[in-house]
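Subject: Structure handover

Hello,

Here is the structure for you to look through. My notes on it follow below the files.

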Amino acid sequence: MAVAETEQKPIVISPKPDHIPHWGMVIDLNRCIGCETCAVGCKIKNNLADGVWWNRVLTIGGDGLDVADGSVEQPRAYALPLSCQHCENAPCLKVCPTGATYRTADGLVLIDYNKCIGCRACIQACPYGVRIFNEEQPKHEYTDFDLGAAEALPHEQGVVEKCTFCADRLEQGLDPFCVDVCPARARFFGDLNDPDSEVSQLIEERHAETLHPELGTKPSVYYIPPEKVRTHPTGLDRLQLNAADVVHE
Amino acid sequence: MAGPRSKEPEEVPYTIKAAIFSCANFASNFPNQNRILNEIFDEKNLEFVVDLEMFMNDTARMCDLVLPITSWFENDDIVGGMHPFMMRQERAIDPIGECKSDFEIYKGLSEKLGLSQYWVKTPQAFIDEIIHNIAQALQNPQIEEDFKRDGVARLMPPALIPLQDGKYMTPSGRAEFYAEGVVVNWPAIQPSFRLPVDMGFAPLPHFEPPYEAWHENPKFAQYPLVLNQRHSRFRVHTTYYNVPVLREMDPEPLVEMNEHEMARRGLRDGDIVRVYNDRGQAVLKVRTNNAYPDHTCNINKGWQRHQFIAGGYQELTTEHVNYRHYNCSFFDVLVEVEPWNPEKVPPRSIEEHDGKAHIVKGGV
């Protein structure tokens, strides 16, 4: 089981001495219902400050939650959970002047808050927009006590933070919290270096894709694309729909 | 027979002077809110109103007295619902501050009214008795065992097929297409109770248009949008309207309609609009959403009045009911949407004290 800490280079413990896992996630967009349980779960478990989110669920095709895109006759909307992609070829890592952003041997991209100087070059470099900079002192004013896991790190002003693939839970042999709490069972987590792992098999069988592959970031998060025909004719259009009018994506 | 379907109401020997609300956000969830606020809650009609409530919601704001009650984590209870399970609600922490459970409050009131003989058992003893009686009625002792051991019991087998013996709960015992008179809901309770044909119901299946939301309604020319109030993922009715984390993600009420309807009115995303009909209004932001067909719009259910710039969505609904079901028709509503004129409809004035919103002007 891999150990990843923010204050020193990780010690990799693996059942096979010559095998280093590459932790990865698969998200099935056919199952995601946009409920935001993973987003809120992450926020609570990591005791994120007021206004801070590491994980968000966006609506594909619209600017707001559940806003459909497409036409009135053929609307479509899917949900896209989005957090750090833990890229193999992470642009954030390349631009970090202090080495605060680093990658563990088992594939987690993490931030050492002690080394982060808040220059925000990483935020400019990240094409996924998943990093957060704490310009102000992080506030926790909704409750007068801390929330979440005992291992959740304190949040500091002047540094960048983001999803850690729940490194603290991986240490205990647990899945990331978002994987655990998803009520639609849309998230899967495991070893991308193991061709027999569930995630590896899903990627192959379901043709899972990464976001913006053309950028060469090589994310560790894969998405099973929406597969079914989604025409959802609306209102009276349903009466006039012919087979020839159905658009297959 | 006098009752909600009676043509001639019976005089009652007593006048209702007071009301206690519990386990409900009555002023928010029932339709035609202006009538509720201005008529039902008028002091001429109800002199004294009490709310057993956790939060300062629409109902609490209307009441003379709010008694703080326990949340689901602070008292024992037994919970069923529209599913085949009975579940135990277990108290996890002591009640906070001066909260009491509904049970304690009603027990206390009953004692003052000389009715303490009904409250001799503890909640736990009542729960044990209830689950025992359910197990007896369903002739399945397993229910009581499962409940005591696991805190949850399944009342019906998963493979239940209703009416599998072919016996329908009609006077003939068969499915009836021709029914003289309308059979009241829940035939298990009154299988042969019918309203007579002379009350105007045709005996064969037929179509009747909605009460209001229909293009042939003369009102449609003035109010050409059907108003839906979709149940948001972030509510159970109005519960969770005030959870700060959810408000970060879903900060304010919105009225949504598709791009055709937006274009017809010259509106853009983020404009503040007034949604109105002859019963009331709501002032809030508008957003394009092609999920909605032409001639429809939506305001998610569950927002409280103080979360709107003015008015509230429940002002727009109608209390009209029909004889076929026991609920209100919240979507059988027509509205129109126009840009907001703050001089014509001034905003509700909200002050922040201790981080909480207090309505200063503009009423509830």
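**A buried strand residue in chain B**

B:V283 is buried, because 23 other C-beta atoms lie within 10 Å and the threshold for burial is 20 or more. Please keep in mind that this is a predicted model. The residue belongs to strand β12 of chain B, which covers residues 280-288. Apart from neighbours within four places in sequence, B:V283 is in contact with B:I272, B:R274, B:F308, B:I309, B:A310, B:G311, B:W340 and B:V345. One of these partners, B:W340, is 57 residues away in sequence, yet the C-alpha atoms of B:V283 and B:W340 are 7.0 Å apart.

A charged residue of chain B is also worth a look. Is B:R305 buried or exposed? B:R305 is buried, since it has 24 other C-beta atoms within 10 Å. B:R305 sits in a loop of chain B, between β13 (296-299) and β14 (310-311). From its C-alpha atom to that of B:R348 is 9.3 Å, with the two positions 43 residues apart along the chain.

**The two chains**

Chain A has 249 residues, and 36% of them are buried. Its secondary structure consists of seven helices and 11 strands. Of the contacts in chain A with a separation of 6 or more, 61% are between residues 24 or more positions apart.

Chain B has 364 residues, of which 25% count as buried. It contains eight helices and 17 strands. Taking the contacts in chain B between residues at least 6 apart in sequence, 66% link residues at least 24 apart.

**Contact between the chains**

Where the chains meet, 15 residues of chain B are in contact with 18 residues of chain A. On the chain B side, α7 (244-249) and α8 (259-264) each provide at least two residues. The largest share of that side, four residues, is from α7(B). By class, the chain B side that touches chain A has five nonpolar, four polar and six charged residues.

**Domains of chain B**

The domain assignment splits chain B into domain 1 (18-154) and domain 2 (218-361). Their C-alpha centres are 29 Å apart. Between them, 12 residues of domain 1 of chain B are in contact with 16 residues of domain 2 of chain B. On the domain 1 side, α1 (26-29) and α2 (33-40) of chain B each contribute at least two residues, and the largest share, three residues, comes from α2(B). This side of domain 1 of chain B divides into three nonpolar, seven polar and two charged residues.

**A helix pair in chain B**

Helix α5 (residues 123-137) and helix α6 (residues 141-150) of chain B have axes that come within 7 Å and cross at roughly 150°. The two helices, α5(B) and α6(B), are therefore roughly antiparallel to each other, as angles over 145 degrees count as such. In the contact, B:I131, B:H132, B:I134 and B:A135 of α5(B) meet B:P141, B:I143, B:E144 and B:F147 of α6(B). Those residues divide into six nonpolar, one polar and one charged.

**Nonpolar cores**

In soluble globular proteins, nonpolar side chains tend to be buried together. The largest nonpolar core here has 49 residues, and A:V26, A:I27 and A:F165 have the most contacts inside it. Several elements of chain A each supply at least two residues of this core, among them β1 (23-28), α1 (37-45), β10 (187-191) and β11 (221-224). Leaving out residues up to four places away in sequence, A:I27 touches A:C32, A:P81, A:A186, A:R187, A:V221 and A:Y223. A second, separate core has 34 residues, including B:A213, B:L225, B:Y313 and B:V337.

**Two residues with positive phi**

Which residues other than glycine have a positive phi? In chain A, A:R120 has phi near 70°. A:R120 is in the loop between β7 and α3 (121-125) of chain A, and counts as partly exposed because it has 14 C-beta neighbours inside 10 Å. In chain B, phi of B:C23 is near 55°. B:C23 lies in the loop between β1 (18-22) and α1 of chain B, and counts as exposed because it has 9 C-beta neighbours inside 10 Å.

Regards

Conventions
Residues are numbered from 1 along each chain as its sequence is written. Chains are lettered from A and ligands numbered from 1 in the order in which they are written. This is a predicted model: local features need pLDDT of at least 70, side-chain atom pairs count only at pLDDT 80 or more; totals for chains, interfaces and linings use all residues. Domain bounds come from an automatic or database domain assignment. Two residues are in contact if their C-beta atoms, placed from the backbone, lie within 7 Å. Ala, Val, Leu, Ile, Met, Phe, Trp, Tyr, Cys and Pro count as nonpolar, Asp, Glu, Lys and Arg as charged, and the others, Gly among them, as polar. A residue is buried if 20 or more other C-beta atoms lie within 10 Å of its own, exposed if 12 or fewer, and partly exposed in between; C-beta atoms are placed from the backbone. A nonpolar core is a set of buried Ala, Val, Leu, Ile, Met, Phe, Trp, Tyr and Cys residues joined through C-beta atoms within 7 Å. Axes are lines fitted to C-alpha atoms, for helices over the stretch in contact, and angles run from 0 to 180 degrees between N-to-C directions. Angles under 35 degrees count as roughly parallel, over 145 as roughly antiparallel, 65 to 115 as roughly perpendicular and the rest as oblique.
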